[in-house]
Each structure stands twice: as structure tokens, then as C-alpha cells.
Amino acid sequence: MKRLLWHFVGVLTLSALSTLSSEPHYGFSVFQESFEDSLEQAKEADRSVFVYFFEQNCATYEYMDYQFHRAWVWQFLNERFINVQVDASDEESNGPILAKKFSINSYPTYLILDHHGKETHRATQAMEGGVFIDSISWLIGETEFPMAEQDAKYEAGERDPDFVQQYLLDARIVLPKNLDIEDLHMKAWGEVQDKYTAIAKEYLTSQEPKDLINLQDFSIIKAYSNIVDDPGIKLVLDHFDAFVETTSMKKVSETLLEVTLNTVLIRAIDEIGPVSGGLELLEEDFQLFEELPLKKATDWLRSIDADSLLKLKEYSLFYVRQFLIETEAASPDSEE
């Protein structure tokens, strides 16, 4: 459960932050809207189809919409596929029927189909544009499995800091390949993430703090940190100003706010039980955002929107309440 929660809150802050700025108006559509027309075009052109399944009320929607409108991402897709998007909640475009047909259980989900409409590859997770391109390139066989050689070296005992740093940076693009069953996919994805997260913790605790204040190690911290007690986040909090100077206030603030929100939600969810204290704990834990040095990140967020923290809090309370409702409904003791 926690792994899925990490995925949700990992994009929750990104989505919430994006809604605080003006909504982009791109002036063009990246994807076709008709699944059937796209299949016909794919048959005529003998090309594969890239299908992007989404729901507009999902926390990932605005984030991925921005990524797909980045020029190099759209160019990558357009050169390889007929591209179509499916709103799984839109009945007019048969979204619910298509989502059921392809067993879509999480959003976003990306499918690659042959021109007959048969699934050949599947991936999930919200991703930054460059990571998305690297992942899809591997899935379709344009690049070799990116980690085999490095995995072998690490397992043989290689611990040179420069090697481990690059190893962890490269591991960010790894996705399970050719897994058609969603549960199996998520299990495999989780095992991969757990493996590299453990390696990242070992790496970050084995180095001197001064040697980790750089762009590369900040990227590692961002990729593999889930809660405020993780060593990378403690390092950023202890050296907030130094990391801001090395990266930017925006990058440091977004990372710390995202991980703190993740921590607050996990703690609240953990308290949900026969006598739920989750909502009360959530209220208390939001005081973390007002404590230094995290308050510097909170103040940066307030500079974008004065009510931003209140919006995050309301969004979090809504999510925990919904989780509580669903948990009670699924309980064996609940009335049918």
C-alpha cells in the first residue's frame, strides 16, 4: 500500500503546484482523440500505436500534459507512433470501455500496440520527459537493457563513489518490460524501486556531506527519497542554502515539499484503523511546514499563491477521508 501511496503523493505536490500557476495554453493538440481512427491510420502506415490513458481528475494529468507538450518528447513520439489519448472517464469517446478492454487500473498508463491493436508493451508512472523517452526507447528495443552491466559490477563489489553515483542516475529509467498483467507489473516495478532505493541510502550515508552537495547527487536524492527521515532529505534540510545555491530555490523547495507531504499522508494513513486518528494526526503534522528550514520552502510556495499551503492541506484531508471511506467499505465487518 505504501508504495502505491508514494506514487500518488509523488505527483500530488507536482499537480498542486502546477495549478497555482497560470494554466498553459499550447494552441495545438499532441494526441489524436479517436482510438478507432488511430488504429486505421496505423494499419495504413504499418506503424505502432502509442496510447496514453488518463483521467483528468487524476493528480498526474496536468504534469504529464506538460511533459507531452515539450518539443523533444512530442517529436520522439511522432517519429515512431500513431499517437492517441484516451480519457478513461469519457463515455462519449468509449473511454471506460477501452480502459476495461485493456485492464487499465492506474493512471497514467502508456500502451504500445501493433497496428492490429494487440498490446506489445505497457508502462505506468508519471515521468519527467527525458526519463519517459529513455524508458520507452528501452521498451521498444531501441536501446539495450540499461543496467545489466552496471548491476553485475555492483553485485561484484564495485563501490567507487563515481561509479555508484552514475549507477544510481542511470537506474532512474528502469521499468519492468513486457508485463501484461497489471499486478505483476506493479510488483516488479516495486521490487526494482526497492533495490535501487536501498543502494541510494547506502551511498548517501557513506559519503561526506560536503561531497554530496552537487547537481548529480541532488538528482539521486530527489529520485530515491520518499520520507523526511531518508538520509538524502535530512542532508538537504541540514544544508538547505547550499543546495539552493547549487540547484535552485524552486527545485529544492518542490522536492522538500513533495517528500514532506508524502510523509504526512503516510503517517495519517498508518493511523487509520478501528479507532482512526489519521485525520487528527494530519492536522498536527502540517505544522512541519512551518518549521525551519522547511519553512523556507513553504514561504517560496506562498510566494506563488498565498493560500497554497491551505490548498495542499484541504487536498490532503480530502484524500485521507476518501481512503478512510474506502477502507471501511472494504472491511469484513462493514454492512453489504
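This briefing describes the nonpolar cores and the strand sheet of the structure. The model is predicted: local features need pLDDT of at least 70, side-chain atom pairs count only at pLDDT 80 or more, and totals for chains, interfaces and linings use all residues. Residues are numbered from 1 along each chain as its sequence is written, and side-chain values use heavy atoms, with hydrogens and water left out.

**Nonpolar cores**

- The largest nonpolar core (buried Ala, Val, Leu, Ile, Met, Phe, Trp, Tyr and Cys residues joined through side-chain atoms within 4.5 Å; buried means under 20% relative accessible area, 1.4 Å probe, protein chains only) has 47 residues.
- L168, Y196, V252, L282 and F289 have the most contacts inside this core.
- Helix 13 (249-270) is among the helices that each supply at least two residues of this core, and its 9 residues are the largest share.
- L282 touches (heavy atoms within 4.5 Å) V264, L265, A268, S316, L317 and V320, not counting residues up to four places away in sequence.
- Another core, of 23 residues, lies apart from the largest one and includes F50, Y52, F76 and I112.

**The sheet**

- An open sheet of mixed pairing is formed by 4 strands (DSSP E runs of at least two residues) in the order 2-1-3-4; two strands pair if DSSP finds at least two bridges between them.
- Strand 2 (81-87) and strand 4 (119-124) are at the edges with a single partner strand each, so one side of each has no neighbour in the sheet.
- Strand 1 (residues 48-54) and strand 3 (residues 109-113) run antiparallel and are joined by 5 bridges, and V51 has L111 in strand 3 as its bridge partner.

Definitions and conventions. Buried < 20%, exposed > 50% of the residue type's maximum accessible area, 1.4 Å probe, protein only.
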